[in-house]
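Colleague: I have a bench session ahead and want to understand this model first. Can we go through it by question and answer?

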Amino acid sequence: MECKENVIHYLSWGFIVSGVAYLFRQTRFQTPYGRYVTSDGTPGRTCPAKLAWFLQELPSFLVPMLLLLSTDTQPSLGKDLLLWTFCLHYFQRTFIYSLLTKGRPSPLYIVFSAVVFCSVNGFLQGHYMLHCATYDDAWQTDIRLYTGLLMFFLGMAINIHSDHILLHLRKPGEVVYKIPQGGMFEYVSGANFFGEILEWCGYALATWSLPTFSFALFTMCSIGPRAYHHHRYYQEKFEDYPQSRKAVIPFIL
């Protein structure tokens with residue numbers, strides 16, 4: 001399959017513009033998900049948390065894999081990076097985390113929006129890395145590749161560990177919220193969000209391209225404000241909430 005350069009270009013810039021727009025929207029309106037979903041204030045129907053996570057994350061894994069299986073691609077660094085970073089992350093989120101999550105039901109329109117985004121992004125990342133990305137031999141020893149991969153796997157470890165802490169924060173039957181302790185939660189309120197942001201910034205650095213940068217930027221713009229909302233929620237709810245803890249970036253923000 002030939003590289004669809006114009007499609008990649010417009011989709012990438014679309015992610016950048018929409019990410020910034022979404023960032024500004026979240027400064028005015030809080031997206032109803034998780035603890036912010038209320039039975040009297042959420043429009044439309046909801047989807048059970050486990051099913052919602054599975055459905056909305058699946059396209060990010062399935063679309064690149066279908067692209068990979070339906071085209072005759074030669075072994076390449078771009079293919080390896082796609083499989084062992086992007087697809088690895090979404091395999092864990094789709095087939096493992098979705099079974100473990102204990103979250104509240106998600107509004108159907110949010111699930112649908114996530115399915116659309118993940119489908120488009122799955123195509124953007126998959127098509128670019130399989131059919132457009134080219135890396136010469138020098139890139140295999142470039143510091144950006146190894147630094148980016150280190151950031152990615154460190155971020156993935158932080159993300160998974162932080163989710164583990166949140167999943168075991170409450171005993172069976174408990175419904176009250178508690179202050180997360182341990183791991184990166186000692187430094188930021190949104191440790192799981194910090195881990196995911198670090199992942200995709202590392203992915204963008206290791207692949208050094210507009211499509212991957214646009215996805216990393218969109219991620220920061222979409223889940224960064226969520227970490228801030230969590231941070232503000234904890235500060236308002238708990239008088240003993242650690243004052244030194246930041247929202248999403250340790251020691252900074």
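Colleague: How many aromatic pairs does the count come to?

Modeller: Keep in mind that this is a predicted model. Rings pair if their centres lie within 6.5 Å. By this rule the count of aromatic pairs comes to 24.

Colleague: Take the rings of Phe-117 and Phe-215. Is that pair stacked, edge-to-face or tilted?

Modeller: The two ring centres are 6.4 Å apart, and the planes stand at 35°. Stacked needs an angle under 30 degrees and edge-to-face one over 60. The angle between Phe-117 and Phe-215 is 35°, so the pair is tilted.

Colleague: How many residues apart in sequence are the parts that Phe-117 and Phe-215 tie together?

Modeller: Phe-117 belongs to helix H4, residues 108–132. Phe-215 belongs to helix H7, residues 210–237. The pair therefore ties together parts whose separation in sequence is 98 residues.

Colleague: Is Phe-215 buried or exposed?

Modeller: Buried means under 20% relative accessible area. Phe-215 has 2% relative accessibility, so the ring residue counts as buried.

Colleague: Which residues form one aromatic cluster?

Modeller: Phe-117 and Phe-215 both belong to it. Two tryptophan or tyrosine members to look for are Trp-200 and Tyr-203. In full, the cluster is formed by Phe-15, Tyr-22, Phe-86, Tyr-90, Phe-117, Phe-152, Phe-153, Trp-200, Tyr-203, Phe-215 and Phe-218.

Colleague: What does UniProt list as "transmembrane region"?

Modeller: The list comes from an unreviewed UniProt entry. Such annotations may be inferred rather than shown by experiment. The entry gives residues 7–24, 106–124, 145–162 and 203–223.

Colleague: For residues 203–223, how far apart are the end C-alpha atoms?

Modeller: Start with residues 7–24: that span is 100% helix and 0% strand, with its end C-alpha atoms 26 Å apart. Residues 203–223 are 90% helix and 0% strand. There the end C-alpha atoms lie apart by 17 Å.

Colleague: What lies in the chain between H6 and H7?

Modeller: A loop sits there, and it holds Trp-208. Trp-208 is not a glycine, yet its phi is positive, at about 50°. The residue found in that loop is Trp-208.

Colleague: How many salt bridges does a search of the whole structure find?

Modeller: Side chains of opposite charge can pair when their charged atoms come close. One salt bridge joins Asp-163 and Arg-93, at 2.6 Å from N to O. Another joins Arg-144 and Asp-142, at 2.9 Å from N to O. The search of the whole structure finds two.

Colleague: Which helices hold Asp-163 and Arg-93?

Modeller: Both residues are buried. Their pairing ties together parts that are 70 residues apart in sequence, because Asp-163 lies in helix H5 (residues 143–167) and Arg-93 in helix H3. The helices are H5 and H3.

Colleague: Is Arg-144 buried, partly exposed or exposed?

Modeller: Its partner Asp-142 has 16% relative accessibility and counts as buried. Arg-144 has a relative accessible area of 27%. Buried stops at 20% and exposed begins over 50%. Arg-144 is therefore partly exposed.

Colleague: Over the face of which residue does Arg-93 lie?

Modeller: Arg-93 also has its salt bridge with Asp-163. Its distance from the ring centre in question is 4.2 Å. The ring is that of Tyr-97.

Colleague: Which residues make the nonpolar surface patch of about 450 Å²?

Modeller: One of them is Phe-95, which lies in helix H3, residues 77–100. At 30% relative accessibility, Phe-95 counts as partly exposed. The patch is made by Phe-91, Phe-95, Ile-96, Leu-99 and Leu-100.

Colleague: How far apart in space are Thr-101 and Leu-130?

Modeller: Thr-101 lies in the loop between H3 and strand E2. At 5% relative accessibility, Thr-101 counts as buried. Thr-101 and Leu-130 are 29 residues apart in sequence. C-alpha to C-alpha, their separation in space is 32 Å.

Colleague: Is Phe-251 buried or exposed?

Modeller: Phe-251 is placed in the segment after H7. Its phi is positive, near 70°, in a residue other than glycine. The relative accessible area of Phe-251 is 66%, so the residue is exposed.

Conventions: Residues are numbered from 1 along each chain as its sequence is written. This is a predicted model: local features need pLDDT of at least 70, side-chain atom pairs count only at pLDDT 80 or more; totals for chains, interfaces and linings use all residues. Side-chain values use heavy atoms; hydrogens and water are left out. Rings of Phe, Tyr and Trp (its six-membered ring) pair if their centres lie within 6.5 Å; planes under 30 degrees apart count as stacked, over 60 as edge-to-face and the rest as tilted. Helices (H or I, at least four residues) and strands (E, at least two) are DSSP runs, numbered from the N terminus. Buried means under 20% relative accessible area, exposed over 50%, partly exposed in between (1.4 Å probe, protein chains only). A charge sits over a ring if NZ of Lys or CZ of Arg is within 6 Å of the ring centre and within 35 degrees of the ring normal. Patches are made of residues with over 30% relative accessible area and no salt bridge: like charges are joined within 9 Å, nonpolar side chains (Val, Leu, Ile, Met, Phe, Trp, Tyr) within 5 Å. Accessible areas come from the Shrake-Rupley method with a 1.4 Å probe; for residues, only the protein chains shown count as cover. A salt bridge is a side-chain nitrogen of Lys or Arg within 4 Å of a carboxyl oxygen of Asp or Glu.
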